[in-house]
Structure formats: C-alpha cells, structure tokens
Amino acid sequence: MGNELEAGHILPLLRTNWLGHSFRFFSEIGSTNVALKKDNAKRPLPNGTLYLTDFQTAGRGRLNRSWVAPKESSLLLSILLRPNLPPENVHWLTMMGSLAAVETVHDQLGIEMRVKWPNDLVVQQKDVWHKVGGILVEGEFDGAGQLTTAVYGMGLNLNIPANQLPDATTPATSLMMVLQRPVEREQLLLTFLDQFEQLYEDMLGGYSPVADWRDKLVTIGQTVTVSRVSDAEPLLGTAVDITPSGYLIVKDEQGHHHTLQAGDVSLRGCFDN
Ligand code: BT5
C-alpha cells in the first residue's frame, strides 16, 4: 500500500473547487514553505497550490526558529495564495487558517483546539495549554503594503508519541496523546482543505475572521512576558485584547497599554510553565 498522503491517492478524493488541485507530495524536503516560495518565484504556480510532506529536514517557525516533527507523524503543508489583503488585514490569513484547523479538529476528532496569539494551535492537557501546531504565513507585499502573494504554512502534530515530542518553550503534545489513539491523516487533511477553502472564499467576500478567532484565543486575560526583537528588557503585563488587525494589547504593571505586532514579538504566558 502506498502512502495515504501521496498525490495519486489524495487528488481523486478532493472535494474542493480549487484548493489543492495543484498538489505535490514529498516524502522528504527541507521546508515546504521555502520550496513553494522558490518554485513560485521560478514560474508562477496556480492559486491554491498545495505542498505536503512527511518529513522536513529544515522546517521553519517564526523568528528563525525551527519546526521539528518525526517522519510520517504530522500534517506538514504549505498553500500558495494570492489574497490581495490590505495592510490592516494581513493577519487575517493566519486567523482564518487557524479557524479552519480548529473546526477540522473539532469536527473530525471532537477535540477543542484553541489559539495562542499570534500563531500557535494549542490543546489543554491536565489544565496546561500544550502546543499541538503552528502556523507560519510568509508574504510578498506591493508598494501600498497589500499582501499580494502568501504562503500559508502549517504543522499539526497528529501521531507523535510522548517520547518523541520536541522539547519546546510551550510544552508540546500531539492529537494522538490527547485521544490516546492514532489519528487518521487523510480524512483530517481532506476536511481541513474543505474548511480552508470555504473560509478563504468567505474572507475574500468580506467576512472578517477576527471575532471568531478572538473567541478561540486563550491569550486574553493571561499574564504574559513579551520579548521584542527591538528591546533588551522583556515586557511583563496582562494581555487585555486584540485590535481589529489582530495586534495584541498588553497592559503593563504601570497600567500602560502596548500594542504588539506579531512580526517581532515572542510571547510566554504563565500557562507555559
Ligand atoms: C510556528 O513557529 O509555530 C510555525 C510553525 C510552522 C511549521 C510549518 S510545517 C510546514 C511549513 N513549512 C515550514 O518550514 N514551516 C511550516 P513558532 O511560533 O516560531 O514556533 C516555533 C517553536 O515551536 C520552536 O522554537 C519550538 O519551541 C516549538 N516547536 C517546534 N516544533 C514543534 C512541534 N512539532 N510541536 C510543538 N512545538 C514545536
């Protein structure tokens, strides 16, 4: 039996109108985000092109961090999109993609996945939020700051056993660890693509994912430590809200409000420990 995520197996099962119709599966690759960006730069690829792999040797997170997952354990994918989002809405793609993942995991597995600002997918285990996935959107902008081309990258830990989970800042887990049984990858992928396509079309039609995303956010109300690339000292405070663009508002110990953009910030919450 071949691999259940190979193109020959997945393509006939797709229920989407366009997402994933251009599809490549790699049994091993450096990073799906990097490969998709490079290939698209050489020759423009169709909107909705999907790259999927079973193993990354140089998986990437934000701020030059890495994404690590054992062979055949995860969903590791990148999607090429041309959303033309105005500057104030560029984070909508991350939000909308996390909502698609949250809905998929709920529908397929009955697990209540949540979001940790700005791009983590988390589940609660023994009262502690554990990281089960992450999103990395990389984009190209035009002169007016509009997001013209974007690569939506997502890693979701499905079948990683406890002894192979990465040693990470936010404790890591997998959906298998939550369910105590292995997760079937193919159905999860197909449902995710359906949800993603629907929400993406809604977003281009004017739907703002902000309110629904905020409902899934575990960060509001948490005590947080914020490290900014530009500052030597971390900022301590409480996450109080997000703006309509998805920036995080943190109130420091003196009562001052700070509006933080995802691009240059790493965040630790009290729930990390
Ligand atoms: C992310 O970055 O969470 C975004 C990860 C995106 C990965 C996907 S996989 C497909 C596509 N191709 C790529 O090359 N990337 C995308 P960030 O918030 O910076 O989190 C990275 C941090 O998460 C690391 O520094 C570790 O602490 C932790 N980490 C790494 N691998 C993990 C895993 N499998 N599960 C949980 N945490 C992990």
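User: Which pocket does the ligand sit in, and what makes that "sitting in"?
Analyst: The ligand sits in the largest pocket. A molecule sits in a pocket if more than half of its atoms lie within 2 Å of the pocket's grid points. On a 1 Å grid over the protein atoms alone, a pocket is an open set of points with protein on both sides within 12 Å along at least five of seven lines. A note on the source: this is a predicted model, where local features need pLDDT of at least 70, side-chain atom pairs count only at pLDDT 80 or more, and totals for chains, interfaces and linings use all residues. Residues are numbered from 1 along each chain as its sequence is written, and side-chain values use heavy atoms, with hydrogens and water left out.

User: Why does Lys-131 count as a polar contact of the ligand?
Analyst: A polar contact is a pair of N or O atoms within 3.5 Å. A polar side-chain atom of Lys-131 is 2.8 Å from a ligand oxygen, so the pair qualifies. Asn-119 also has a polar side-chain atom by a ligand oxygen, at 3.3 Å, while Arg-62 uses a polar backbone atom, at 2.8 Å.

User: Why is the pair Phe-196 and Tyr-200 called stacked?
Analyst: Rings of Phe, Tyr and Trp (its six-membered ring) pair if their centres lie within 6.5 Å, and planes under 30 degrees apart count as stacked. Here the centres are 6.3 Å apart and the planes at 15 degrees, so the pair is stacked. Both residues lie in helix α5 (residues 185-204), four residues apart, about one turn of the helix.

Technical notes:
A polar contact is a pair of N or O atoms within 3.5 Å; within protein, one must be able to donate a hydrogen and the other to accept it, and residues adjacent in sequence count only if both atoms are side-chain atoms. On a 1 Å grid over the protein atoms alone, a cavity is a set of points where a 1.4 Å probe fits but cannot get out, and a pocket is an open set with protein on both sides within 12 Å along at least five of seven lines; lining residues have an atom within 4 Å of a point. Rings of Phe, Tyr and Trp (its six-membered ring) pair if their centres lie within 6.5 Å; planes under 30 degrees apart count as stacked, over 60 as edge-to-face and the rest as tilted. Helices (H or I, at least four residues) and strands (E, at least two) are DSSP runs, numbered from the N terminus.
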